[in-house]
Each structure stands twice: as structure tokens, then as C-alpha cells.
Amino acid sequence: MSTYAVAHLDEIDEINDGRVPSRPVRHHFGITSFGVNAWTGRNAGDRIINEHDEDEEDGNEELYLVQHGRARFELDGEQVDAPAGTMVFARPGVKRTAFAEEPGTTIVALGGVPGKAYEPDGWELWAPLGQLYQSGEYAEAADRGRELADAHPEYPALIYNIACCESLAGRKADAVEHLRLAVDRSERFRSLASEDSDFDAIRDEPAFKELVG
């Protein structure tokens with residue numbers, strides 16, 4: 001087994017969750033110790049980084065490197081001009097997003113939960129199914145997600161997302177079973193499910209109550 005790998009950014013195929021396309025750098029190399037991905041804004045004005053604040057439990061702190069072009073970050077409402085070579089660091093709770101100021105602007109992002117070992121969750125594999133989820137095609141998203149989970153059982157987040165879609169699709173028993181599998185593999189999904197509106201349809205089910213507590 002080789003101890004190193006080399007790839008040009010353009011050699012990593014983009015994935016699209018229906019919002020902004022990204023390149024799954026971590027998954028491409030099989031990295032398990034930290035998260036790293038890249039986003040490119042094709043045109044000036046394109047959003048490169050989706051707005052988010054990582055304010056949930058186990059939220060990530062993130063370091064962004066403008067690898068090419070020029071970006072404009074918005075951090076808790078403040079504007080930050082970021083030409084190529086600029087690094088921007090955001091702690092959990094900071095609302096963040098970024099836009100391309102020049103065509104082809106590329107940002108590389110690294111992230112992890114402060115004080116905790118990194119746990120890859122396979123969101124890169126689920127991302128292309130995000131468009132099905134957003135359009136309400138929950139059954140198809142669940143079916144395709146099960147194929148991914150069978151091929152990549154190391155990612156409990158895939159199983160959790162399947163449970164979400166099954167709940168929304170009215171597959172109550174399947175949703176509870178997949179949520180149980182996700183919780184068995186990672187305890188953090190227990191508390192996450194307790195507040196996730198995707199499970200409102202099964203929240204009164206005895207099996208769900210027993211599982212979530």
C-alpha cells in the first residue's frame with residue numbers, strides 16, 4: 001500500500017448538493033484525521049461557502065484558504081476582503097459565508113471539532129442526494145442512501161440520513177431501525193435525533209422514545 005498520494009484539484013470530481021458544488025478532498029484521499037474540502041465559484045458573485053454557523057453541539061471550527069482568485073467573506077455580518085493566499089479562521093458559532101469576487105475563485109477549507117478526535121461522517125457521499133431530499137423525494141433518497149450505506153458501513157451519518165428520509169416518507173419501522181443502527185455506531189446521533197424535525201412523524205412512536213430518551 002502506498003504511503004502517499006498526489007492529485008491536482010481539478011482531478012477531483014465535483015459533487016453538488018443542490019446549493020454549491022464542492023470537491024471532496026478528504027474522501028478522495030481517504031483522510032480520516034481531519035476534514036478538508038474545496039469549493040470554486042465559477043463566476044464573480046457566486047456563493048462559494050453556504051451560510052452556516054456551526055452553533056450546534058460538536059460544531060466545527062474551520063480554517064479557509066483562498067487558493068485562487070479573490071473572495072469576500074461575511075463573518076457575523078462583517079465583510080472581509082480575501083485575495084489569494086488569505087487565510088480566514090472561524091470558531092463555532094460564527095455565522096459565515098463567502099462569495100467569489102473574481103471568476104474561478106477557489107477556497108480550501110479544513111475543519112474539526114475543538115478538543116475532539118476527528119470522525120469522518122461521509123457527508124460527501126450523501127451530498128448528491130441532497131437535491132432529492134430538498135425536493136421532497138424522500139423515498140428515492142432513502143433507497144439510494146441504503147445502497148451507499150451498504151457500500152460504506154463505516155459512515156454512520158449515512159444511516160442517520162436514511163432514517164430521516166424514511167421517517168419523512170412514512171416508513172416508520174425502517175426509520176426507527178436505521179436510527180438505532182446510527183446511534184449504536186455513534187452516540188452523538190441520539191441527541192441530534194431528539195431535536196431533528198425530520199423525526200416529527202415518528203416522535204410519538206414508543207420505539208423512538210425508548211431510543212432517544
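Here a biologist asks a modeller about the structure shown above.

Biologist: Before we start, what kind of model is this, and how are residues numbered?

Modeller: It's a predicted model, where local features need pLDDT of at least 70, side-chain atom pairs count only at pLDDT 80 or more, and totals for chains, interfaces and linings use all residues. Side-chain values use heavy atoms, with hydrogens and water left out, and residues are numbered from 1 along each chain as its sequence is written.

Biologist: Okay, which strands sit at the edges of the open sheet?

Modeller: Strands here are DSSP runs of E with at least two residues, while helices are runs of H or I with at least four, both numbered from the N terminus. Two strands pair if DSSP finds at least two bridges between them. The open sheet has 6 strands in the order 1-2-3-10-5-8, paired antiparallel. Pairing on one side only marks the edge strands: strand 1 (15–16) and strand 8 (87–90).

Biologist: Which residue of strand 3 stands opposite Ser22?

Modeller: Look at strand 2 (residues 21–23) and strand 3 (residues 35–41), which pair in the antiparallel sense over 2 bridges. Opposite Ser22, in strand 3, you'll find Trp39.

Biologist: Now for charges: how far apart are the closest N and O atoms of Arg188 and Asp121?

Modeller: A salt bridge means a side-chain nitrogen of Lys or Arg within 4 Å of a carboxyl oxygen of Asp or Glu, and the structure holds 17 of them. Arg188 in helix 7 (residues 188–194) and Asp121 in the loop between strand 10 (105–112) and helix 2 (123–126) link distant parts of the chain, 67 residues apart. Their closest N and O atoms are separated by 3.8 Å.

Biologist: Is Arg188 buried, exposed or partly exposed?

Modeller: Buried means under 20% relative accessible area, exposed over 50%, and partly exposed in between, using a 1.4 Å probe and protein chains only. Arg188 has 32% relative accessibility, so the word for Arg188 is partly exposed.

Biologist: What separates Glu140 and Arg144 along helix 4?

Modeller: The side chains of these two, Glu140 and Arg144, meet in a salt bridge, 3.7 Å from N to O. Because they are 4 residues apart in helix 4 (residues 138–151), the separation is about one helical turn.

Biologist: And which residue forms a salt bridge with Glu205?

Modeller: Glu205 lies in the loop between helix 7 and helix 8 (206–212), and its partner is in helix 6 (residues 172–185), so the pair ties together parts that are 33 residues apart in sequence. The closest N and O atoms are 3.7 Å apart, and the partner is Lys172.

Biologist: Let's switch to rings: how are the planes of Tyr133 and Tyr138 arranged?

Modeller: Rings of Phe, Tyr and Trp (its six-membered ring) pair if their centres lie within 6.5 Å; planes under 30 degrees apart count as stacked, over 60 as edge-to-face and the rest as tilted. There are 5 aromatic pairs in the structure. Tyr133 and Tyr138 are 5.8 Å apart, centre to centre, with 70° between the planes, making this pair edge-to-face.

Biologist: What about Phe199 and Phe208, stacked, edge-to-face or tilted?

Modeller: Both Phe199 and Phe208 are buried, and ring pairs link them with Tyr160 and Phe189 into a cluster. Their centres are 5.7 Å apart and their planes stand at 35°, so the pair is tilted.
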